[in-house]
Amino acid sequence: MPNPTPETPQVAAFEKSLDELEMLVERMEHGDLSLDESLQSFERGVSLYRSCQGALDEARLRVSQLTDPLAPDKARPFEPDMP
């Protein structure tokens, strides 16, 4: 059985941000927050969303560079073989 790959700091930060964002959304959807708390949660959520989106953009770039290091902008996404 292969050893699990340790998480990189970027992956850990992404997962932590995503978890916090999900908790914020859940709290806001529940409707128990005051207007001020809702606004603060929304602002924090936007910040977390942007952080997560930046991490995903970096991951896409890394995959493109690994797929075709000479022309990452022309790399095609990996498509697994379907049986």
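Buried here means under 20% relative accessible area. Of the 83 residues of this protein, 13% count as buried by that cut-off. Keep in mind as you click around that the model is predicted.

**Stop 1: the whole chain**

Switch to cartoon view. You'll find 2 helices and 0 strands. Now turn on contacts: among those with a separation of 6 or more, 43% come from residues 24 or more positions apart.

**Stop 2: helix 2**

Select residues 35-67, which make up helix 2. How far apart are its end C-alpha atoms? They sit 47 Å apart. That agrees with expectation, because 33 residues at 1.5 Å a residue should span 48 Å.

Next, pick out Ser41, Gly45, Leu48, Cys52 and Ser64, the buried residues of helix 2. What do they pack against? Show helix 1, residues 9-30, and you have the partner: the buried residues of helix 2 pack against helix 1.

**Stop 3: Cys52**

Zoom in on one of that buried group, Cys52. Its relative accessible area is 7%, so Cys52 falls under the 20% cut-off and is buried. Leave out residues up to four places away in sequence, and Cys52 touches Phe14, Ser17 and Leu18. For a distance label, try Ala13: its C-alpha atom is 8.7 Å from that of Cys52, though the two residues are 39 apart along the chain.

**Stop 4: the salt bridges**

Side chains of opposite charge can pair when their charged atoms come close. How many salt bridges does the model have? The count comes to 2.

Start with Arg44 and Glu20. Their closest N and O atoms are 2.9 Å apart, and the pair forms a salt bridge. This one ties together distant parts of the chain, with Arg44 in helix 2, Glu20 in helix 1 and their positions 24 residues apart. Are these two buried or partly exposed? Arg44 has a relative accessible area of 37%, so it is partly exposed. Glu20, at 25%, also counts as partly exposed.

Then move along to Asp57 and Arg60, a salt bridge whose closest N and O atoms are 2.8 Å apart. Both residues belong to helix 2, and being 3 residues apart there means they are separated by about one helical turn. Colour by accessibility and Asp57 comes out as partly exposed at 39%, while Arg60 is partly exposed with a relative accessible area of 47%.

**Stop 5: the largest pocket**

Finish with a surface view. The largest pocket holds about 370 Å³ of space. Helix 1 and helix 2 are the elements that each give two or more residues to its lining. Which of them gives the most? Helix 2 does, with 9 residues.

To find the middle of the pocket, select Gln10, Val11, Ala55, Ala59 and Arg62, which lie nearest its centre among the 16 lining residues. If you colour the lining by residue class, the largest pocket shows 9 nonpolar, 4 polar and 3 charged residues.

Notes. Residues numbered from 1 in each chain as written. Predicted model: local features only at pLDDT ≥ 70, side-chain atom pairs only at ≥ 80, totals over all residues. Heavy atoms only, no water. Helix = DSSP H or I, 4+ residues; strand = E, 2+ residues; numbered from the N terminus. Buried < 20%, exposed > 50% of the residue type's maximum accessible area, 1.4 Å probe, protein only. Contact = heavy atoms within 4.5 Å. 1 Å grid on protein atoms, 1.4 Å probe; cavity = no way out; pocket = protein on both sides within 12 Å on 5 of 7 lines; lining within 4 Å. Points joined across faces, edges and corners; volume = space filled by probe spheres on them. Nonpolar A, V, L, I, M, F, W, Y, C, P; charged D, E, K, R; others polar. Expected span 1.5 Å × (residues − 1). Salt bridge = Lys/Arg side-chain N within 4 Å of Asp/Glu carboxyl O.
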